[in-house]
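User: I am new to this structure and would like to learn how to read a sheet and the confidence scores. Please take me through them.

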Amino acid sequence: MEVKSVTCVAPVNIAVIKYWGKTNEKLIIPLNDSLSGTLHTDHMCAKTTVAISSRFTKDRIWLNGKEESLDNPRLVACITEVKDRARNSGKLTEEELQWNVHICSENNFRLAAGSSVIGRLVYSLSSFFLLSVFFSVYALATLYKIDGDISAIARRGSGSACRSIYGGFVQWITGTNPNGTDSIAEQIVPASHWPEMRVLILVVSDSRKKISSTSGMQRSCETSELLKHRVAKCVPERMTEITKAILKKDFETFAKITMQDSNQFHAVGLDTFPPCVYMNDVSHGIANLIHTINRIAGRTLAAYTYDAGPNACLYLLEKDVPSVLAAVNYFFPTDRPKGEYYRGLNVDVTSVPKELAEVKDLAQWPDNNALRYIIHTKIGEGPQIVSETLLNSDGLPK
Ligand code: DP6
């Protein structure tokens, strides 16, 4: 039987100016502009195959090997919009547009960062399902030969995910159109603009139950006065300043704004009633350590940022990775095996360098293994189409 299929690998992104709050829940139109770095797919990605065939009797989706119900308004909205756009572009026949869709998606985040990553590490999505909607959109758009911007469709899967449609540093513009057509992602610079930029994700041990970002931001919109000030004043100024800093490769300014924006986002969480608390003691310990090493060095070695969860994401330059890791390792001792503890790009594990010798005057974190592991990665080029497929020729998972 004829099966048309496309497979893509798609990345995650880490915001430096956070998206928090919607003006339209259904269309996922954000309250404010946001900006993120797209991470390299070598270390964290989802692979998704989408297929269509006249022989498929219904739409079906498998996530990490398990068939899930398609009964999700966000996924339905995305598939409908992809088909509408495909109809307008006229590249598929009306018959092909009637064919049912099979979607199969697998991610390596469970392996790369433990199950907590799905909910809160990189994306703070309420479930992998929503993230898969985004991953499917890229593959579906290719399969249905859609031209032009697809971030407005991806946005309907999960807001922040729409920034992963592009590599490098990407902004998501709020837009002014009430129907959301101009609420889109735009690349500011490709990954090649700032090749020295690195990312360390410090995965923190935590077992508290979390508030999903979707419901957390809803509650903030209803109750936080600080959110109003943030949206009206702070975010517009920061978007302008951080964009300039990225274009000039001015790490000091980039890092300061990144940390301030993360702090303000979590302050909005506390200003929400009842509050949304995402960082824990270890998260705050990491933030303190970063300020301490930046002060000791007399320059900014790293910037921290936290999403709707306790894990820290550090932006830093390649040359400073060994020093920052040495300080982290001193402060948060671990007895986990090296091969399991360090993931992603190779790391040079050294002792605390002279420049940071004062770090050794600090009292170390009281319990070993406060960090579960560390992922070392960099900015990447965005989603890519690949040849390996997750579906057999009969359209069922391999
Ligand atoms: C804290 O994209 O998960 O990570 O649009 O409701 O799916 P929905 O929310 P989501 O929100 C993520 C918010 C954040 C900040 C950010 O990535 O900009």
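**Reading the sheet**

Analyst: Begin with one pair of strands in this predicted model. Strand β12 (residues 197–204) pairs with strand β14 (residues 312–317) in the antiparallel sense, over 6 bridges. Within this pairing, V199 stands opposite Y315 in β14.

User: What packs on the sheet, touching β13 and β14?

Analyst: Helix α9 (residues 251–271) does, and its direction makes about 25° with that of β13. Helix α10 (residues 281–297) also packs on the sheet, touching β12, β13 and β14. The direction of α10 makes about 160° with that of β13.

User: In which order do the strands of the sheet come?

Analyst: In general, strands of a sheet pair through backbone hydrogen bonds, either parallel or antiparallel. Here 5 strands form an open sheet, in the order β13-β14-β12-β16-β15, and the pairing is mixed. At the edges are β13 (302–305) and β15 (342–344), each of which pairs on one side only. On average, neighbouring strands of this sheet are turned by 25° against each other, direction ignored.

User: Over which residues does pLDDT stay under 50?

Analyst: As a general point, where pLDDT is low, the predicted coordinates should not be read in detail. In this model, pLDDT stays under 50 over residues 111–126. The model has 52 contacts beyond four places in sequence for that stretch.

User: What does the protein chain average in pLDDT?

Analyst: The average is 89, and 94% of the residues score at least 70. For the complex, the predictor gives an ipTM of 0.99 and a pTM of 0.93.

Key. Residues numbered from 1 in each chain as written. Predicted model: local features only at pLDDT ≥ 70, side-chain atom pairs only at ≥ 80, totals over all residues. Pairing = 2+ DSSP bridges. Helix = DSSP H or I, 4+ residues; strand = E, 2+ residues; numbered from the N terminus. Axes fitted to C-alpha atoms, helices over the stretch in contact; angles between N-to-C directions. Contact = placed C-beta atoms within 7 Å. pLDDT = per-residue confidence, 0-100.
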